[in-house]
Amino acid sequence: MNSDEKQDCECAPPQAEATPAGEHDRSLEESDIENPEASRMKRAAAKHLIERYYHQLTEGCGNEACTNDFCASCPGFCRMDNNAAAVKALELYKMNAKLCDPHPSKKGASSAYLENSAKGPRPKSACSDRKMNHRDLHPIRDDLKDLNYLTEEKVYEILDICREKEDYSPLIRVIGRIFSSAEGLVQSFRKAKHHTKEELKSLQAKDEDKDEDEKEKAACSATAMAGAVEGASEGDCSAQKLGPDEVSVDIDAVRRVYNRLLANEKIEAAFLNALVYLSPNVECDLTYHNVYSRDPNYLNLFIIVMENSNLHSPEYLEIALPLFCKAMSKLPLPAQAKLVRLWSQYSAEQIRRMVETFQQLITYKVISNEFNSRNLVNDDDAVAAATKCLKIVYYANVLGGDIDMGHNEEEDEEPVPESSELQELLGEERRNKKGPRVDPLETELGVKTNDCRRPLIPFEEFVNEPLNDVLEMDKDYTFFKVETENKFSFMTCPFILNAVTKNLGLYYDNRIRMYSERRITVLYSLVQGQQLNPYLRLKVRRDHIIDDALVRLEMIAMENPADLKKQLYVEFEGEQGVDEGGVSKEFFQLVVEEIFNPDIGMFAYDESTKLFWFNPSSFETEGQFTLIGIVLGLAIYNNCILDVHFPMGVYRKLMGKNGTFRDLADSHPIQHQSLKELLEYEGSVEEDMMITFQISQTDIFGNPLMYDLKENGDKIPVTNENRKEFVALYADYILNKSIEKQFKAFRRGFHMVTSESPLKYLFRPEEIELLICGSRNLDFQALEETTEYDGGYTRESHIIKDFWETVHSFAEEQKRLFLQFTTGTDRAPVGGLGKLKMIIAKNGPDTDRLPTSHTCFNVLLLPEYSTKEKLKERLLKAITYAKGFGML
């Protein structure tokens with residue numbers, strides 16, 4: 001205590017001790033309520049009283065015979081630590097508890113402090129005026145200098161004072177100081193810590209060992225609480241022990257504070273400027289000082305900043321938000337996982353706000369810079385950092401959605417190929433011997449994207465189209481494979497890429513693997529004298545395509561499965577076509593038509609859904625299903641589209657998820673509806689339906705087959721209590737157990753080709769379907785806009801105008817025939833027909849010859865017919881009777 005304060009205390013007349021504690025506060029409230037000076041006196045009085053209670057609880061009054069239960073000098077008093085005493089002091093103030101007189105035996109500074117506090121508020125005098133000038137006339141300035149963190153109540157108190165004075169500069173200074181300080185922001189807006197009796201007892205012994213410096217720190221805590229008389233405690237000064245998924249910040253309080261303050265433009269500018277100053281320091285702390293491992297509460301900083309609903313506004317996009325994203329991207333993996341778990345509890349609207357914040361920054365940076373092959377978007381630190389931050393929100397969106405963590409397919413035990421010396425010499429040693437790449441954040445969280453049935457917001461909202469337009473995928477794929485720290489690859493965040501871009505990345509991966517296998521084959525032929533066979537050659541007869549193809553593929557799968565990863569080269573016996581892609585397309589088309597022929601019996605066709613499902617009663621061997629899986633994998637590997645019609649459950653099973661009741665809706669809609677009605681039935685299931693846990697199915701000849709869903713299932717009735725179990729077991733049997741052998745063989749064949757591919761890493765099940773089957777939407781308008789012309793034709797040529805008028809007039813089936821004739825498939829590629837690069841080239845003057853095509857290169861050779869009618873007649877005949885290949 002300084003000399004001025006002592007002099008003030010001596011000049012002030014003493015107060016009657018009979019006045020109950022807290023009486024001063026009420027009297028001040030009743031009188032001079034509109035007087036700002038009276039309001040300041042009220043706060044000063046409250047602060048003094050709370051400080052008196054604090055010292056009474058920690059040091060006592062000095063009277064060994066004290067009978068006050070709330071005094072440390074009382075013989076029956078239970079000792080407490082300083083922080084608990086600070087909380088208790090506030091409670092005693094609220095309940096107007098008894099205050100002891102300082103005993104004469106109590107000496108020292110604390111006794112003088114108590115004597116000063118005991119006198120309470122005083123009538124104005126010369127001495128008191130002098131003290132008021134020192135302490136009360138500038139309470140904001142003096143109090144806020146020592147304010148190291150904020151609470152909701154403190155913010156509101158300062159805000160009210162600023163409104164009274166119509167001067168917000170004190171609040172702006174406080175926000176600028178606290179929100180630009182990592183230490184201050186981490187300590188701000190903490191949840192109230194309520195001590196239990198057990199905690200207080202365990203802390204008694206520790207309190208006795210506290211030195212005077214620690215006690216003064218706790219006294220500061222009590223003083224700070226006096227500024228928030230009506231609020232809860234400030235919480236512990238030390239770091240609280242948190243659970244793995246708990247945070248110490250009061251998020252609701254932060255949101256309320258932002259709602260109150262962001263309406264004021266000047267205050268909003270303070271948040272903006274503080275963030276610019278804060279972010280580089282935070283980035284440095286996380287990069288070099290390992291601050292999160294020392295204090296997990298450091299995460300509070302990011303939680304508080306991300307609650308600012310104005311982060312996506314233009315003012316933040318230039319400097320503040322990019323800096324903050326760079327800092328946030330440096331968070332260690334455990335911190336990112338903790339943020340994911342916290343944000344997964346947010347609503348869809350809150351997740352969408354954060355997504356829009358990072359997406360706006362990425363889009364702003366993309367459109368404000370001219371990115372190209374020389375100036376890569378990968379080198380923009382702000383875009384890369386924002387994408388990494390978006391990944392945290394993406395996994396929160398997944399984890400907060402409808403999750404199905406169980407029902408995982410058992411992985412096939414794939415033999416690991418031995419690394420040969422030749423492969424090592426060529427640099428072809430397997431990078432991912434344990435399987436395809438897995439995102440480390442997925443591993444930390446223990447959840448996969450495929451576990452999510454329905455996210456909080458659609459996955460499509462995470463795709464950034466402007467970014468996809470400027471991304472140089474060949475360069476990005478290189479960074480993805482090399483995995484260097486100084487080069488960021490957007491393939492590590494596949495959620496931001498559309499299906500077209502990801503398909504291009506997969507195409508590069510497949511092609512590089514083909515070239516790799518080719519190099520190894522050439523070297524083997526030179527060193528070991530083996531026959532040179534750099535391609536996967538299939539020579540087939542058109543009339544026996546299934547027998548020829550499956551026999552050849554079976555031999556390859558048994559002798560050397562690695563050959564399946566060579567480039568496919570198909571030759572039709574007796575035909576002159578050279579396979580540059582088009583012959584392979586027709587090969588797959590014919591194979592699929594044969595395989596899914598209902599007469600073969602490998603797949604069952606559902607008339608209502610127009611979809612195929614595995615036939616549990618099929619006579620075909622497991623090897624036949626393995627070969628079908630190989631065909632499906634080869635189609636993806638060689639970038640060919642297949643006309644297959646599987647329900648989504650098949651693609652989910654290929655990605656490792658077993659079928660469940662929900663999948664029945666696509667594959668077996670009648671059974672799904674029946675089971676749904678069973679679940680919703682309000683009467684007695686046992687008495688009215690008389691179902692047991694034994695079900696019957698018919699084989700291919702119509703004979704009934706009985707199956708027990710549980711042991712002795714025919715004796716277990718289905719009741720209202722166990723009907724959910726019955727439905728789950730029924731769906732599991734239909735979708736998994738009844739076709740277990742067939743599907744495992746099918747998946748094994750598929751993985752023979754795609755095991756080392758980033759397919760699972762990049763694509764979700766619905767994207768796998770798009771990859772295999774292409775788009776069902778045929779937008780010929782988009783095809784016309786992207787078509788190029790050669791040989792003398794232009795977009796303005798008369799015959800070209802007639803051609804497009806004719807094509808647009810075709811029926812749906814005729815349009816599909818035209819696509820089949822020109823490109824080798826009647827399906828649109830991933831991204832639609834606009835992504836199909838078709839060329840129409842002039843093939844001589846008017847003639848009776850039919851149009852021809854190079855399906856390998858999507859080239860249509862069109863003679864310059866004299867009339868529109870002749871053009872239509874010749875074109876229809878060409879696309880209707882198009883079978884086989886020849887040399888032109």
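Start by selecting Arg 662, which is partly exposed, with a relative accessible area of 39%. Keep in mind as you look around that this is a predicted model.

Now add Asp 402 to your selection. The side chains of Arg 662 and Asp 402 meet in a salt bridge, at 2.3 Å from N to O. Trace the chain between the two and you'll see that this pair links distant parts: Arg 662 is in the loop between α31 (648-654) and α32 (664-667), Asp 402 is in strand β1 (residues 402-403), and they are 260 residues apart. Asp 402 counts as partly exposed too, at 25% relative accessibility. What lets side chains like these get together? Side chains of opposite charge can pair when their charged atoms come close.

**More salt bridges**

How many salt bridges does a search of the whole structure find? The count is 37, so let's just visit a few more of them.

Select Glu 586 and Arg 542. Their side chains form a salt bridge with an N to O distance of 2.8 Å. Glu 586 belongs to helix α29 (residues 582-595), while Arg 542 sits in the loop between β3 (535-540) and α28 (545-559), so this pair ties together parts that are 44 residues apart in sequence. Is Glu 586 buried or exposed? Glu 586 counts as buried because its relative accessibility is 13%, and the cut-off for buried is under 20%. Its partner Arg 542 has a relative accessible area of 23%, so Arg 542 is partly exposed.

Next, pick Glu 864 and Lys 842. Here the side chains meet in a salt bridge of 3.0 Å, N to O. Glu 864 is in the loop between β12 and α42 (868-880), and Lys 842 is in strand β10 (residues 839-842); the two are 22 residues apart, and the pair links distant parts of the chain. Both ends are partly exposed: Glu 864 has a relative accessible area of 35%, and Lys 842 has 34%.

For a group rather than a pair, select Glu 460, Lys 502, Arg 764, Glu 766 and Glu 767. These residues are linked in a network of salt bridges.

**Over to a sheet**

You already met β10 through Lys 842, so switch to cartoon view and find the open sheet of four strands that β10 is part of. The strand order is β9-β10-β12-β11, and the pairing is mixed. Which strands are at the edges? Those are β9 (788-790) and β11 (852-854), each pairing on one side only. Tilt the view to follow the twist, which averages 25° from one strand to the next.

Zoom in on β11 and β12 (residues 859-862). The two run antiparallel and are joined by three bridges. Click Ser 853, then look across to β12: Leu 860 stands opposite.

**A nonpolar patch**

Turn on the surface and select Val 522, Leu 526, Val 527 and Leu 532. Together they make a nonpolar surface patch of about 390 Å². Click Val 527, and you'll land in helix α27 (residues 499-528). Val 527 is exposed, because its relative accessible area is 55% and exposed means over 50%.

**Last stop**

Finally, select Glu 157 in helix α8 (residues 152-165). Glu 157 has a relative accessible area of 16%, so it is buried. Now add Leu 171, which is 14 residues away along the chain, and check the distance between the two C-alpha atoms: they are separated by 9.9 Å.

How values were computed: Residues are numbered from 1 along each chain as its sequence is written. This is a predicted model: local features need pLDDT of at least 70, side-chain atom pairs count only at pLDDT 80 or more; totals for chains, interfaces and linings use all residues. Side-chain values use heavy atoms; hydrogens and water are left out. Two strands pair if DSSP finds at least two bridges between them. Axes are lines fitted to C-alpha atoms, for helices over the stretch in contact, and angles run from 0 to 180 degrees between N-to-C directions. Patches are made of residues with over 30% relative accessible area and no salt bridge: like charges are joined within 9 Å, nonpolar side chains (Val, Leu, Ile, Met, Phe, Trp, Tyr) within 5 Å. Accessible areas come from the Shrake-Rupley method with a 1.4 Å probe; for residues, only the protein chains shown count as cover. A salt bridge is a side-chain nitrogen of Lys or Arg within 4 Å of a carboxyl oxygen of Asp or Glu. Buried means under 20% relative accessible area, exposed over 50%, partly exposed in between (1.4 Å probe, protein chains only).
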